[in-house]
Amino acid sequence: MSFSIRPFTPADYPELAQIRNANWPDNPVLPETLEANDKRLKPGLVMQRLIAERDGVMLGNALFFHMEWMYHPQKFYVGLTVDPAHQRKGIGTALYQKMMEELQPYDPIKLVASTRADKPAALRFAEKRGFIEEFRAWESKLELAKFDPAQWAKDVEKVLAQGYQIKTLAELEDDPDYERKMYELDHAGSFDVPLPPGESFTFPDMERYWENVRSNPDFRPELWFLAVKDGEYAGVSMLFHRPADNDLNTGFTTVKRAHRHKGVALALKVAALTHAKNLGKTAVRTENAQTNRSMLGINEALGFEKMPAWIDLVKVLRKEN
């Protein structure tokens, strides 16, 4: 079939969301969310989208961008999506070839793509082009109708009896030092998160951290739950708004090392889930590396059910110097 490939423009966000949602109906997104997230990219980093179209109708799209959380100037995340009604017609192949051409001025050494285990065609497409599996993470979902907060009341009481308080970030904004304390808590826990082999986490400075948080359209300070003891922020479990459905996403759950093995993470998760249920939300979702057994164990105990695994695939174009 005949079609053309052109650069992306902001007018493309509605069709971009439409094609994404057609491919991922269980994980919908709004056009304005895509636009807001694009605008959050740190200045100086690269992001480029390409559009395949025929007669003014989008058939598919591709993108590549620097990964701020694992930044390397020659490593890029890449993605490619084709309208299900137009797949297997050469559109994905053409978009991939054009994307590789557009990448060449940046002298890329490694590309990272992601798809889910229940998408065999996408896996075959990537593998045929030299991508190999590097990392897996479970997405899990808890239907809140099945969650009974009373079942966990004693576990929460044990944590409170140790001198911890559970407060939302919104409640802590009167603390004149809350920004620094929250930043240091997130910083301490982020370096314990499992990453693909050979990669390291790029943590932002405090100004960029809060800029990134507050520019996230799904951030709500009343959805971040913190364990506080003697003024110290000991742990956090973050929930994020999902405007396209009635679920919530779990962001990051972490506890400082000195406060682990005391039930704090479980108590934070229970507080977050209880709040979500009281809000009338349908479900809470979370994602964990398959090697993160401690957090997976907590989620399994709470009743989270595993969905198909997310798979990171990489294509190494040449070795790092």
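## Starting at histidine 275

Histidine 275 sits in helix α9. This is a predicted model, so treat what follows as a reading of computed coordinates. Histidine 275 counts as partly exposed because its relative accessible area is 25%, and the cut-off for buried is under 20%. Setting aside residues up to four places away in sequence, His275 touches Glu222, Leu223 and Phe225. One of those partners, leucine 223, is 52 residues away in sequence, yet the two C-alpha atoms lie 8.2 Å apart.

## The helix around it

What does α9 look like as a whole? The helix covers residues 264-278, 15 residues in total, and spans 21 Å from first C-alpha to last, close to the 21 Å expected at 1.5 Å a residue. Just past the helix comes glycine 280, with a positive phi near 85°.

Is α9 mostly covered or mostly open? It is mostly covered, with 11 of its 15 residues buried. The buried set starts with Val264, Ala265, Leu266, Ala267, Leu268, Lys269 and Val270, and continues with Ala272, Leu273, Thr274 and Ala276. Note that a lysine, Lys269, is among them.

On the other side of α9 in sequence, the loop between β10 (247-255) and α9 holds histidine 261. Histidine 261 is classed as exposed because its relative accessible area is 84%, and the exposed class begins over 50%. Its phi is near 65°, which is positive in a residue other than glycine.

## Helix α8 and tyrosine 209

Now to helix α8, residues 206-214, where Arg208, Tyr209, Trp210 and Val213 are buried. What covers these buried residues? The cover includes two helices, α6 (169-172) and α7 (178-190), along with two strands, β8 (224-229) and β9 (232-241).

Tyrosine 209 is a good residue to zoom in on within α8. It is buried because its relative accessible area is just 6%, and buried means under 20%. Beyond four places in sequence, Tyr209 touches Met182, Tyr183, Asp186, Phe203, Pro204, Trp224 and Met238. Take aspartate 186 from that list: it is 23 residues from tyrosine 209 in sequence, with 9.6 Å between the C-alpha atoms.

## Alanine 170 in α6

Helix α6, part of the cover over α8, is also the place of alanine 170. Alanine 170 comes out as partly exposed because its relative accessible area is 31%, and that class lies between 20% and 50%.

Which residues does alanine 170 contact once neighbours within four places in sequence are left aside? They are Pro221 and Glu222. Glu222 also turns up among the residues that histidine 275 touches. For a distance in another direction, the C-alpha atoms of alanine 170 and serine 190 are 22 Å apart, with their positions 20 residues apart along the chain.

## A loop residue: aspartate 107

Aspartate 107 belongs to the loop between α3 (91-103) and β5 (110-116). Its phi is near 50°, again a positive value in a residue other than glycine. The residue is partly exposed because its relative accessible area is 39%, which falls between the 20% and 50% cut-offs.

Leaving out residues up to four places away in sequence, Asp107 touches Gln74 and Arg318. By contrast, threonine 286 is 179 residues along the chain from aspartate 107, and their C-alpha atoms are separated by 35 Å.

## The whole chain

Zooming out, the protein has 10 helices and 13 strands. Does its overall size agree or disagree with a compact globule? It agrees, because 321 residues would call for a radius of gyration near 20 Å and the protein has 21 Å. Along the principal axes, the C-alpha atoms fill a box of roughly 65 × 45 × 35 Å.

Of the 321 residues, 46% are buried. Counting contacts with a separation of 6 or more, 71% join residues that are 24 or more positions apart. The exposed surface is about 15600 Å², with 52% supplied by carbon and sulfur atoms. As for charge, there are 43 positive and 46 negative charges, and the mean positions of the two sets are 5 Å apart.

Conventions:
Residues numbered from 1 in each chain as written. Predicted model: local features only at pLDDT ≥ 70, side-chain atom pairs only at ≥ 80, totals over all residues. Heavy atoms only, no water. Helix = DSSP H or I, 4+ residues; strand = E, 2+ residues; numbered from the N terminus. Rg over C-alpha atoms; globule rule 2.2 N^0.38 Å. Buried < 20%, exposed > 50% of the residue type's maximum accessible area, 1.4 Å probe, protein only. Contact = heavy atoms within 4.5 Å. Areas by Shrake-Rupley, 256 points an atom, 1.4 Å probe, with all protein chains shown as cover. Lys, Arg positive; Asp, Glu negative; His and termini not counted. Charge placed at Lys NZ, Arg CZ, Asp CG, Glu CD. Expected span 1.5 Å × (residues − 1).
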